[in-house]
Amino acid sequence: MLSRYHPVVAAESSGQLTMLLQRLSLHAGLPSSPRTQRTTIFPRLAKALTQVGLARANSNSFTHRGELRKAKRIVVKLGSAVVTRGDECGLALGRLASVVEQVAMLQNQGREMMIVTSGAVAFGKQRLRHEILLSQSVRQALHSGQNQIKDMSVPVLEARACAAAGQSGLMALYEAMFTQYSTCTAQVLVTNLDFHDDQKRRNLNSTLQELLRMNIVPIINTNDAVVPPPEPNSDLQGVISIKDNDSLAARLAVEMKADLLIALSDVEGLYDSPPGTDDAKLIDIFYPGDQLSITYGTKSRVGIGGMEAKVKAALWALQGGTSVVIANGTHPKVTGHVITDIVEGKKVGTFFSEVKPAGPTVEQQTEMARNSGRTLAALHPEQRGEIICHLANLLVEKKEEILAANKMDMDLAVNAGQLSSALLNRLSLSPAKLNSLAIGLRQIALASQDSVGRVLRRTRVAHNLELEQITVPIGVLLVIFEARPDCLPQVSALAIASGNALLAKGGKEAANTNRILHELTQEALDIHWVKEAVQLVSTREEVEDLCRLDEMIDLIIPRGSSQLVKNIQSAAKGIPVLGHSEGICHVYIDSEAAIDKVIKIVRDSKCDYPAACNAMETLLVHRDILKTPLFDQIIDMLRTEQVKIHAGPRFASNLTFSPSEVKSLRTEYGDLECCIEVVDSMQEAIDHIHRYGSSHTDVIVTENEDTAERFLQQLDSACVFWNVSSRFADGYRFGLGAEVGISTARIHARGPVGLEGLLTTKWVLRGDGHTAADFSEQGTMEYLHENLPVTQPQPRQIAAQSEE
């Protein structure tokens, strides 16, 4: 309990401390006699309070956004543009209500919230205008008649008078809103003199500490009704004068030893040049000393501060040990969660940090990858193939170093005990895996010869006017993968072959393996001076933050659990996501299936690699074989392989003693478990798969060719197989060399996505001064639209580059 009161130790008055300790004694039920307090309780309480207080007083600001979750005491500054309406007369009630809801929620989580608010002038202006108009209308109605009312004008209102008229109404509004969340508020009006006068400053500190102790949200504002003009140069020598609410919030945050100051305005954050200019870029993290690289624009439409004032106040607060975030509090899509997003560590606005990271930011990495990727796309196909073959050779030559790094990751994962056996299997590399990777990469190198720049269509539009459709890279790919380091060289090779830049975000479980694989990838890229085209994101960026870089990333490819894919699909509002959220694969055993094929296919589909997305999760059995030796053999095989069986509703109804009934027919187990269900026909199997499947991979086992063909034609899945294990749904097994994932989407790419799925097209039109007017009724030309033969240049062979 003592930690709630520790900031008061900073008070300089011993009398204040004595009074506080008396209150603490009563609150804790301790003896309250002066003698007992002086001899026993006061020294212990004072020592405990001093130790706790110094722990915060000597602490630095947070160095990374993720640490903002630890913020206990938070100041929220609401700028005039946030609180007021667009007409500058009255309050933006919707925005204000969302802010109140977020502050109340954080307060109820046990945090200590304070609000520095503008809005009194605007609210008072609205009230005074209403009173003036009402007064004028009455007078004119009595003396001039109704026809004169339309000509009424409102005089210019003095700001101090507006503030005096608006303070009470503004506070009443806050009180009413916070009451909805059972949260009490208190108004505190301050001026610059309250901070320069030591006694007033101590009184203010004591008041705010007591309010926070009682779980009350202080609503603080400058007393604009009496505030004098700011004194020039009064913020020198470590003291910031209260010129506006930005400086007030900074001074208050430092005075109260707040962990975080959130300054909300009408811009997204701090830009390197005025927002709205062509090259303006939002700064994610701002460091002291970066001021010289910033060009400030004009201040907001209301208020007396500007971005320069906000930055100055933020840096002053940062120097005092308070972290700062400047963000937009007016955007309708984010206002309802901007404060909570900041506290949760999400990438919102501009975060001020004293510690500059050693490496580039993810935005800088993306920019480097895009620039180098354009050079990569311009290389000859043979050169891109040489890079991939060199990477394949490095995987074999450097296998001892790779395996040593992988052993470090495996040891850490085993000792942590947080990964399942399936994930440990994915994390593990072996000489055989590396050799298989190298073979796959060489296949990609050969396939890359006719990828980028391939002509798909040629049309003679008119005389001397020819149109071509050619393949081009998509741009910048973001591939997010979990504990599967073999994914890094695979997707790197596919990105290189298709001329795409790549951002790779691997799981922390494989950090050591990913690092050396990325180093080898960049070593291979450097033979043609495009080293930066593949970037490994090793900073602490959250996946959700990466998904917000919609102006920098063109396609996201998640490789991991269904939950990871769902999270990314939900977070990536403005970026396409290529992938599947679930791999609920079915194997249907028809009444005319061959026994030997059934046993082999079911065993391989389920037991070869249960964690794979193409593993069987549901076995559909035709009713005619339910009570046959074939069905008994299937059950015996699954039990031998230690597969846990869950019974579907119809299967369970046929058994006296059934296995555990399945909770859902739409379940991806990812382990040695599966569901068995009974169907009456092939059509019923198709209907079941359409209803409960994920359109990934589904199999029919039958000797009836007509039944098989109808199944293949009617089933709407990315991969549909006949008498083949579901495990064949794989880019390497399809001969694609490797895959970036399996897509269940309906557009662009579907199924295992290899090189072709990472390309898009552009149209190239070659003419000779043609204009659209030439083809009008009065023009002299006519359209031909003749299809022309497509010819491709013969690639130079690069097989000699590979290592046998």
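Hi everyone, this is a short walk through some strands and helices of one structure. Please keep in mind that we are looking at a predicted model.

Let's start with a sheet. It is an open one, built from four strands in the order E13-E12-E11-E14, with parallel pairing. What stands at its edges? Those places go to strand E13, residues 534-536, and strand E14, residues 555-559; each has a single partner strand, so one side of each is left without a neighbour in the sheet. On average, neighbouring strands here are turned by 20° against each other, direction ignored.

Now look at one pair in that sheet. Strand E11, residues 476-481, is joined to E14 by five bridges in the parallel sense. If you want a spot to click on, Leu477 has Leu555 in E14 as its bridge partner.

Two helices pack on this sheet. Helix H17, residues 487-497, touches E11, strand E12 (501-505), E13 and E14, and its direction makes about 165° with that of E11. Helix H18, residues 511-525, touches E11 and E13, and its direction makes about 160° with that of E13.

Let's move along the chain to strand E16, residues 616-622. Is this strand mostly buried or exposed? Seven of its seven residues are buried, so E16 is largely enclosed by the rest of the structure.

And who pairs with E16? Strand E15, residues 585-589, runs parallel to E16 and is joined to it by five bridges, with Cys585 opposite Met616. Together, E15, helix H21 (residues 595-607) and E16 make a right-handed β-α-β unit. Strand E18, residues 673-679, is also parallel to E16, again through five bridges; there, Val621 has Val678 as its bridge partner.

Thanks for listening!

Conventions:
Residues are numbered from 1 along each chain as its sequence is written. This is a predicted model: local features need pLDDT of at least 70, side-chain atom pairs count only at pLDDT 80 or more; totals for chains, interfaces and linings use all residues. Side-chain values use heavy atoms; hydrogens and water are left out. Two strands pair if DSSP finds at least two bridges between them. Axes are lines fitted to C-alpha atoms, for helices over the stretch in contact, and angles run from 0 to 180 degrees between N-to-C directions. Contact means heavy atoms within 4.5 Å. Buried means under 20% relative accessible area, exposed over 50%, partly exposed in between (1.4 Å probe, protein chains only). A crossover is right-handed if, with the strands pointing away from the viewer, the path from the first strand over the helix to the second runs clockwise.
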